[in-house]
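Please look over the sequence and the model below before reading on. The paragraphs after them are meant to be read with the structure open.

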Amino acid sequence: MTGGADRRGTPPSGAVAPLRFGYGTNGLTDLRLDDALGLLADLGYVGVGLTLDHMHLDPLAPDLATRSRRVARGLERLGLTATIETGARYVLDPRRKHGPSLLDPDPDARAARVRLLIRAVQVAADLGAHAVHCFSGITPEGTTDDTAWQRLAEALGPVLDAASGAAVPLAIEPEPGHLLSTLADFHHLRHELGDPEPLGLTLDIGHCQCLEPLPPADCIRAAAPWLRHVQIEDMRRGVHEHLPFGDGEIDFPPVLEALAATGYQGLTVVELPRHSHTGPQLASHSIEFLHRAAEGIRAPDRKGTPPPSAPARTPARGGTP
């Protein structure tokens with residue numbers, strides 16, 4: 001391994017680098033966590049989207065605080081920062097993908113998800129992470145939208161309290177097929193909760209291409225005031241499939257230009273959860289692609305942009321990775 005000072009994602013000569021790229025550990029599940037972090041540092045990433053799961057910092061195993069401190073020391077040594085992601089498929093239930101969710105009809109099951117998110121906030125504080133990612137879940141069969149929104153709002157209350165106490169933003173992600181699937185849905189939740197300060201947004205660029213009415217670059221501009229975490233990959237319109245860069249339909253230079261213009265200072269994390277079998281190769285390809293796409297980006301306007309009005313809600317559709 002080379003020295004940490006030389007592994008901070010320096011782009012090709014002459015390019016401006018206002019963005020900070022990371023890679024998600026959910027796309028490196030065949031690697032030990034230490035090996036994954038070392039790989040990302042060597043490739044030039046400055047951060048990691050760390051999914052709490054049984055193979056990478058298991059949130060349910062004993063001595064989590066001790067293990068978190070060890071990971072924090074490793075991140076510092078490698079010059080990496082982190083966001084905490086909570087999208088592990090079977091971390092709570094070995095038979096139900098992403099279950100139980102915050103919308104589960106069983107209050108005890110919902111409470112298990114709440115405890116996981118509070119634990120994720122604690123890990124994020126221990127690691128000095130930028131944010132904690134979460135999602136709503138799919139509306140259970142036989143549950144009305146009104147009931148689902150009420151469950152979501154009630155479940156998020158203690159999580160937001162924990163986030164506020166730890167000074168770590170909670171960044172909820174619009175996920176195709178979930179109750180909260182669009183930017184409009186995020187604004188609906190935000191208003192329902194009274195616009196709490198700790199509540200922010202995870203914006204997945206591929207999801208914008210998949211189902212938002214606006215192009216991805218316009219989604220970024222509309223979401224700018226609430227951005228706390230960004231995920232990025234390629235995708236096609238109407239198909240919720242996370243694709244390596246170049247395999248979908250997204251034109252990335254305008255996307256990165258728009259993101260840089262917001263002055264966003266968090267991580268932009270490559271999200272390829274179904275490609276772990278080729279994770280090291282895709283991690284290398286992805287950072288090279290992003291640096292090429294970012295060439296010539298103008299430095300962000302530090303004066304910021306005025307917050308746009310919230311868009312109208314649109315129906316959720318799509319699937320879950």
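What follows goes from the chain as a whole to its pockets and cavities, and then to some individual residues.

The model shown here is predicted, and its confidence deserves attention before any local detail is taken up. The average pLDDT of the chain is 90, and 87% of the residues reach a score of at least 70. In residues 1–17, however, the pLDDT lies below 50, although the model gives this stretch 28 contacts beyond near neighbours in sequence. Residues 301–320 also have a pLDDT below 50, and for this stretch the model contains 48 contacts beyond near neighbours in sequence.

As for the overall architecture, the chain holds nine helices and ten strands, and of its 321 residues 56% are buried. Among the contacts with a separation of 6 or more, 78% are made by residues 24 or more positions apart. The area that the chain exposes comes to about 13500 Å², of which carbon and sulfur atoms contribute 50%.

Next comes the empty space. Rolling a probe the size of a water molecule over the atoms reveals where such space remains. The largest pocket encloses about 380 Å³, and 27 residues line it, with Asn 26, Gly 87, Ala 88, Arg 89 and His 98 the closest to its centre. In terms of residue class, this lining is made up of seven nonpolar, 13 polar and seven charged residues. The second largest pocket has about 190 Å³ of space, and of the 13 residues in its lining, Lys 97, His 98, Gly 99, Ser 101 and Ile 138 are the closest to the centre. Here the division is four nonpolar, six polar and three charged residues. His 98 thus appears among the residues closest to the centre in the largest pocket and again in the second largest pocket.

How many cavities of 30 Å³ or more does a search of the whole structure find? The search returns two. The largest cavity, with a volume of about 50 Å³, has a lining formed by Pro 174, Ser 181, Leu 183, Leu 203, Asp 204, His 207, Cys 208 and Glu 212. Strand S6 (199–204) and helix H6 (205–211) each contribute at least two residues to this lining, whose classes are four nonpolar, two polar and two charged. The second largest cavity holds about 30 Å³, and the residues around it are Thr 86, Leu 102, Arg 113, Leu 117, Cys 134 and Phe 135. By class, four of these lining residues are nonpolar, one is polar and one is charged.

The loop between strand S3 (81–85) and helix H3 (107–127) is the place of Pro 100, and the peptide bond between Gly 99 and Pro 100 is cis, with omega at about -10 degrees. Gly 99 has already been met as one of the residues closest to the centre of the second largest pocket. Leu 103 is also found in the loop between S3 and H3. Is Leu 103 buried or exposed? With a relative accessibility of 0%, Leu 103 counts as buried, and apart from neighbours within four places in sequence, it is in contact with Arg 110, Ser 136, Gly 137, Ile 138, Thr 139, Pro 140, Ala 148, Arg 151, Leu 152 and Leu 179. Leu 103 and Gln 150, which are 47 residues apart in sequence, have C-alpha atoms 8.9 Å apart in space.

Two further residues stand out by their backbone angles. Most residues other than glycine have a negative phi, and most peptide bonds are trans. Asp 63, which is not a glycine, nevertheless has a positive phi of about 60 degrees. Asp 63 lies in the loop between strand S2 (47–51) and helix H2 (64–78), and since the cut-off for exposed is over 50%, its relative accessible area of 58% makes Asp 63 an exposed residue. Ala 167, again a residue other than glycine, has a positive phi near 55 degrees. The place of Ala 167 is in the loop between helix H4 (145–166) and strand S5 (170–172), and with 68% relative accessibility this residue, too, counts as exposed.

Methods: Residues are numbered from 1 along each chain as its sequence is written. This is a predicted model: local features need pLDDT of at least 70, side-chain atom pairs count only at pLDDT 80 or more; totals for chains, interfaces and linings use all residues. Side-chain values use heavy atoms; hydrogens and water are left out. On a 1 Å grid over the protein atoms alone, a cavity is a set of points where a 1.4 Å probe fits but cannot get out, and a pocket is an open set with protein on both sides within 12 Å along at least five of seven lines; lining residues have an atom within 4 Å of a point. Grid points are joined across faces, edges and corners, and a volume is the space filled by probe spheres set on the points. Ala, Val, Leu, Ile, Met, Phe, Trp, Tyr, Cys and Pro count as nonpolar, Asp, Glu, Lys and Arg as charged, and the others, Gly among them, as polar. Helices (H or I, at least four residues) and strands (E, at least two) are DSSP runs, numbered from the N terminus. Buried means under 20% relative accessible area, exposed over 50%, partly exposed in between (1.4 Å probe, protein chains only). Contact means heavy atoms within 4.5 Å. Accessible areas come from the Shrake-Rupley method with a 1.4 Å probe; for residues, only the protein chains shown count as cover. pLDDT is the predictor's confidence in each residue, from 0 to 100.
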